[in-house]
Every structure is written in structure tokens, then in C-alpha cells.
Amino acid sequence: MLPYINKPFELLSGAVGASPDELKLIFSFLLSYPLAALLKRVPDARPQYKNLFIIGGGLFYLVGLYSLYTGVRTIFIASAGTYALAYFLRTSAYMPWIAFVFLMSHMAVNQLARQFADNPAAIDITGAQMVLVMKLSAFAWNVADGTLPEDQLSDFQKSRRILKLPGLLDYAGYVLFFPSLFAGPAFDYNEYKGWIECSMFDVPATIDPAKKPPTRKKRKIPRSGTPAMLKMASGLVWIYLFLNLSKWYSHEVLLGDYFMTIGFLRRVFTMHMVGFTARTKYYGVWSLAEGSCILAGLGFNGVDPVTGKVFWNRLQNINPWGVESAQNSRAYLENWNMNTNKWLRYYIYLRVTPRNRKPGFRASMATFVTSAFWHGFYPGYYLSFILASFVQTTAKNLRRNVRPFFLDPATQKPLPTKKYYDIASWFATQATFSFVVAPFVILRLDHSLQAWGRVYYYAILTTGAGMAFFASPAKASLRKALDKRSQEAGVRLVRSVSSDSLAQSGRGQEPVLGLSADPGRDIDEAIQELRGEVERAQAKLREKEKEQRQQDGGGAAAAAAKEGKKEL
């Protein structure tokens, strides 16, 4: 750590109520903006200079700001180990899985150490390591994809595959990219390569030259100051809200004596505000980190060929409005930690599934376990994950069987009464997830159960009641009513495009943040797989017994023939 660098943060800590490490984290995000502006001005033809600048910035944050010498060692072990596996086992089908297990196991050690230290306000390397696990496990898969024929790859794999291992300087720059070092967003190596070589900014020839984004001094990176500053401003607003709201709505409020002196509805509102306050911190941190990536140019995501508008959402990790206005569980989760969602989908869920086969129970379970272990080992995480899976099932049944009553059966357009359904579904979603995420904030098992008990386990009861309702004959009655309604309108009952099932694309069956879209379906598939395995084992056993009987019968016949010859 640089001399005296900690002093101003210690003085400011008492004034704002945040720990010195938390203030240094915010400072590092803000410092990334001028550093990203300088990085953007490194000549396009000098990518090696960009890499050196990035490595220097990353090491300054780790050592100069936080004295995380052990963090440097951790990053070196993870990155060097992954590179070595990719180098020596490149053509092995097991290489990406070995890298994945190595990275997750290495991170688990540090997460357990942090959990036993029990100091959530301190900044250690686990946050950066969580981002690094996503980047390096994806890197291993991208290298493996580079060894496969194109006809075995999806379009996504083709765009991300690595045909030639990068040099150590490029690789180190990818690992230590300072704007996203501590909190993300994560991205794939080919995205970094396209940015540092400026091939990312090549505009297709089909786009009108007048629609090309403006650049500075004949450089390829478009001007990104305005979207970056807007993202920074929104991040600072969220941080300001967090610093102020946390004085009244920290998770300790749910465990205090005063909480039990207020009415039930006010307790539910307080629990909601505790969750909202915790989310504002992530909204702020992720917005600040994304803004500095945009300023550097890495957030570039193409140009609208008609309007010439530049999109800067390549690395968007959070959509606060999408979360706070969500009317169903899937929308709530899809707008939260969006890059982790992508990583779980493309590098766990679809990788577990054998080629040319549909993902099933094993893929869903592998994704759930990975997501849970990636977050850590606090019991609160697992309470939230498990309950959220069942909430998803109930929410899906509601949308499939209740929502169509508020749509015109012929045109599928909303009826005037649809606004009441929207209000009710928004309220139910927000109230339910306020309960679900409480253990995610509290972390401890005993305190989480205590907080749930103080609001009478309302989300567990309503979710259980919903699952029981849709497991009863009532579901069939609803379907009959919908069929009758459609027949009277002279149309066939169809599922609306906005339904969260998205059956045509298959996306509705995929887990979101590792949470199964339908735990009941997964359990049924598991039972079917188990039954199939048992039947195959029994069939093999019967076949062996048949072969044994045939051998025994043949042996007996041979012995009898031999005995007959002797008698003759």
C-alpha cells in the first residue's frame, strides 16, 4: 500500500458510515474513469502499450490501494494454472472441465477463509476471483472450441473460439483489466482481443458512411464520453441512496426488538426496503464499473444501420428498472447480474448437455450447483436459491393459467382489466422476492430463519399454496375455462409470445442464475432417468442370466454326450 493512502478513507469513514475499504472500492471505480480516458488515447497501433497500461493499473489497485499481495498470488495461480492447462491439454476433451474444477476449488478455499473471518466490510480477493472464474473458465472452453470443426459449433461458439493461444502480455491484460477487476463485468477473451486490436469497431460495408459513429483523430474507437458519464452519474445516485438508506434499513433492523413492535404490513414493507437498500449498492457498483468500460470503448455493441445510434450495452450487468418493475420471477432474475446469467447459460448449462441432445435435469442441476457454489457457502444463499426455484414454478403456472384471462382470446392483446393483473403480479413478485432475498443479505442460517419467522413465513405459505392449487384439479378447471373462452371466440388457445415460457426458443426452460424454471419437471425427469437406468441394469442382468443358463445347458449337454460315448 502506498504511504498514507489509507488516512483520508479512515477520516471519511466516520462521516459517511461506510468502512474505509468500501470507500476505497468506490474511489477505485471513480479513478478508473480518468485512467480509462488515458487508456483510450493510447494509439490504436500499439496494443502492447495498452496491455502494459492495463497491467500497471490492475497491480496498482491490488497492491498500491489495498495491499492485496496475497490477492496477486491468487490471481497468478488461477491464471497461470488455466493457461498451462490450455497449453498442455488443448486437444483434450477434459481440459475445460479440469480448468473449471481447478478454478472453482481454488475460489472455494478463499471463500471459506472469508466466511470464517466474518468481516463482510473488508475488501479481499474473493470478489475479483469470482469475476476471474467466469473469465478463465470461459477462456478454457473457448480454447477447446478452437480445436473443433465448425459444423460442431453454435454461432456463439464460433464467435468466441480461440484458434491460437494468446501471448502472455495479451493474456495478462485480459486477466488484469482494471475497470472490471473487482466487480466485473466479465467478458470473453475474443471480446478483449477485438477491443484491443480495434477490430470490434469495424463497421459493416452495408452501413451508410454518414451513419458511422464519430471518432477522434482518425481512431477507430467511437466517442463514448456521454454514455460513460451518464452511467457514472446513475451509479453515484445509487451509491448515495445506499449510504443514506442503509442508516435505516440495514439487515440488523429485521433482527432488532423494534421490528416486532410494528404491524405485519409495515414489517413486510421494512423487509422490502432492506432488500432494496442492499440492491442499491450493487446497482451503484456495477453501473460505475460498466461506465468506465464504456469510456475505454469495451462496452461498444454495434451501430443501428438505420439511425446510426451506437449501442454501449455489451457489458451491461444490471437493469435496475427491470428488477424493480418486474411482474414475474423470471423478469426479476434475468435483469439481475446479467453477465453471470450468460456465463451460466453458455458455459455450464449448454456444456453439460451432450451434443444434439436437449438439456434436461442434469443440466439444470449442474447449473444450480455451480451458481450456488460460485456465490459462496453462507447458508443464507442456499435458503434463497431453493425457495426461489419453487417461486419460479408457481409464477410460471400463474402466468400460463391466469394471465390469459386478461388477454383477448382472438388477438392476444391486453383487455382493459389487464392493468389490474399487472399491478397484482408486480406487487406479488416484489413482496415475494423481498422475502426470498432476505437470507441472501443476512447470510446466517439462524438469523435468516428468525427474520422469516417474524413475518410468519408468508412467501413460503403463499408459494406452497400456489403449488398445491396447481397440483389439484383446479388447474384442469382453469384450462377448461380457457378452452371454452377460446372456442366461444372462434380461435384455438395459444400461448402468448410474452409468456415467460418462450417455448419456441426453449429459453423458458433454462435456469436463470442457476434457478430451475420448473423444479417439478426436473424432478420428474430425474425419476425417469433413474427408472431408465434401473430398467437397463435389470435388462443387462437378465441377459447375463440367460447367457449363463445357455452356457450351463450347453455344458450339461456336452457332459451327457461324453458320458454316452463312454457307455458305448
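## Helix H3 against helix H9

Angles between helix axes under 35 degrees count as roughly parallel, those over 145 as roughly antiparallel, those from 65 to 115 as roughly perpendicular, and the rest as oblique. In this predicted model, helix H3 (residues 47–65) and helix H9 (residues 189–196) cross at roughly 120°, and their axes come within 10 Å. H3 and H9 are therefore oblique to each other.

On the H3 side the contact is made by Pro47, Lys50, Asn51 and Ile54, and on the H9 side by Tyr192, Trp195 and Ile196. By class, the H3 contact with H9 has 5 nonpolar residues, 1 polar and 1 charged.

## Helix H1 against helix H2

Helix H1 (residues 7–16) packs on helix H2 (residues 20–40) at an angle of about 105°, and the two axes lie 8 Å apart. This makes H1 and H2 roughly perpendicular to each other.

H1 contributes Phe9, Glu10, Leu12, Ser13 and Val16 to the contact, while H2 contributes Pro20, Leu23, Lys24 and Phe27. The residues of this contact divide into 6 nonpolar, 1 polar and 2 charged. In general, an α-helix has 3.6 residues a turn, so residues three or four places apart point the same way.

## Buried residues of helix H8

In helix H8 (residues 168–175), the buried residues are Tyr171, Gly173, Tyr174 and Val175. Their cover includes H3, H4, helix H6 (126–145) and H9. H3 and H9, the pair that cross at roughly 120°, are thus both among the elements over the buried residues of H8.

## Serine 67

Serine 67 sits in the loop between H3 and helix H4 (69–88). Its relative accessibility is 27%, and because buried means under 20% and exposed over 50%, serine 67 counts as partly exposed. Aspartate 124 is 57 residues away from serine 67 in sequence, and the C-alpha atoms of the two are 9.7 Å apart in space.

## The second largest pocket

The second largest pocket has a volume of about 660 Å³. It is lined by 26 residues, of which Gln152, Gln157, Leu350, Arg351 and Arg355 are the closest to its centre.

Helix H5 (95–117), H6, helix H7 (155–160) and helix H14 (338–352) each supply at least two residues of this lining. H14 gives the largest share, 4 residues. By class, the lining of the second largest pocket divides into 12 nonpolar, 8 polar and 6 charged residues. H6 therefore appears in two settings: H6 is part of the cover over the buried residues of H8, and H6 supplies residues to the lining of the second largest pocket.

Note on methods: Residues numbered from 1 in each chain as written. Predicted model: local features only at pLDDT ≥ 70, side-chain atom pairs only at ≥ 80, totals over all residues. Heavy atoms only, no water. Axes fitted to C-alpha atoms, helices over the stretch in contact; angles between N-to-C directions. Contact = heavy atoms within 4.5 Å. Nonpolar A, V, L, I, M, F, W, Y, C, P; charged D, E, K, R; others polar. Buried < 20%, exposed > 50% of the residue type's maximum accessible area, 1.4 Å probe, protein only. 1 Å grid on protein atoms, 1.4 Å probe; cavity = no way out; pocket = protein on both sides within 12 Å on 5 of 7 lines; lining within 4 Å. Points joined across faces, edges and corners; volume = space filled by probe spheres on them.
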